[in-house]
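Hi,

Here is the structure I said I would pass on. Have a look at it first, and my notes on what turned up are underneath.

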Amino acid sequence: AEYMGAKVFSVFYGEDKQILSKTKDVEKSISEHVKNQLNLLEEEAKQIIETRLREMKDLETKLQENEMKYEKMQMKMNLLYEQCEAVKPTLQDIVISEDMKLSEEQKRSINSFLNFSLPSDEV
C-alpha cells in the first residue's frame, strides 16, 4: 500500500512538475509577447511624437513667415496712410479754390477721400 501511495504520489508529483514547467513556458511566452507588443507601441509612439514635433516646427516656421509678412504689410499700410494724410490739405485747397473747374462728382469724390479716416486703433 505504501508502494502504491508512493507511486501515485510520484505520478502526481511528476504531472505537477510538467504542469509547472508548461505554466512557466506559457508565462514566458506571454511575457515575451507583451514585451514585443510594448516595444512596438513604444516605437510607434516615438514615430508619432517625431512626426508631431516636425509638424509643430513647420507650423512655427510658417507662423514666423506670416508674422514677417504681416509686419511688412502693416508698414506699407502705415506709409500709404501717412501719404494720404499728407496730400489731404492740398486736395482741400483744390476743392475750395474757385480757379479749379471741378465737377460736383469730382468734388464729392475728393471730399469723400478727405473725410475718410481710420479708427485710431488700426493706424
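**What turned up**

Let me start with R52, which counts as partly exposed because its relative accessibility is 45%, between the 20% and 50% cut-offs. Before going further, bear in mind that this is a predicted model.

R52 has a partner: it forms a salt bridge with E55, and the closest N and O atoms of the two are 3.2 Å apart. Both residues belong to helix α1, with a spacing of 3 residues, or about one turn of the helix. E55 is partly exposed as well, at 37% relative accessibility.

**The overall picture**

The fold is quick to describe: 2 helices and 0 strands. Helix α1 covers residues 2-96, and helix α2 covers residues 104-115. Just 5% of the 123 residues count as buried. The protein exposes about 11400 Å², and 59% of that comes from carbon and sulfur atoms.

**The other salt bridges**

How many salt bridges does the count come to? The total is 4. Besides the one between R52 and E55, here are two more of them.

- E85 pairs with K88, with 3.0 Å between the closest N and O atoms. The two sit 3 residues apart in helix α1, about one turn of the helix.
- R108 pairs with E105, with 3.1 Å between the closest N and O atoms. These two are in helix α2, again 3 residues apart and about one turn of the helix.

**K88, the residue I would look at**

Is K88 buried or exposed? K88 is buried: its relative accessible area is 11%, so it falls under the 20% cut-off. Its salt-bridge partner E85 has a relative accessible area of 31%, so E85 counts as partly exposed.

K88 has other contacts besides the salt bridge to E85. A polar atom of the K88 side chain lies 3.3 Å from the backbone oxygen of L114. The charged end of K88 also sits over the ring of F113, at 5.9 Å from the ring centre. To put K88 together: this helix α1 residue has a salt bridge to E85, a polar contact with the backbone of L114 and the ring of F113 under its charged end.

C84 is another helix α1 residue to click on. Its C-alpha atom is separated by 9.9 Å from that of F116, although the two residues are 32 apart along the chain. C84 is partly exposed, with a relative accessibility of 30%.

What about aromatic pairs: how many does a search of the whole structure find? The search comes back with 0, so the ring of F113 appears in these notes for the charge of K88 that sits over it.

**A nonpolar patch**

Which residues form a nonpolar patch on the surface? They are V26, I30, V34, L38 and L41, and together they have about 460 Å² of accessible area. If you want one residue to center the view on, take V34, which is in helix α1. V34 is partly exposed at 40% relative accessible area, and it can belong to the patch because that value is over the 30% needed.

That is what I have for now. Shout if anything looks odd on your side.

Cheers

Note on methods:
Residues numbered from 1 in each chain as written. Predicted model: local features only at pLDDT ≥ 70, side-chain atom pairs only at ≥ 80, totals over all residues. Heavy atoms only, no water. Patch = residues over 30% accessible without salt bridge, like charges linked within 9 Å, V, L, I, M, F, W, Y side chains within 5 Å. Areas by Shrake-Rupley, 256 points an atom, 1.4 Å probe, with all protein chains shown as cover. Salt bridge = Lys/Arg side-chain N within 4 Å of Asp/Glu carboxyl O. Helix = DSSP H or I, 4+ residues; strand = E, 2+ residues; numbered from the N terminus. Buried < 20%, exposed > 50% of the residue type's maximum accessible area, 1.4 Å probe, protein only. Phe/Tyr/Trp six-rings, centres within 6.5 Å; stacked < 30°, edge-to-face > 60°. Lys NZ or Arg CZ within 6 Å of the ring centre and 35° of its normal. Polar contact = N/O pair within 3.5 Å; in protein donor to acceptor, adjacent residues only side chain to side chain.
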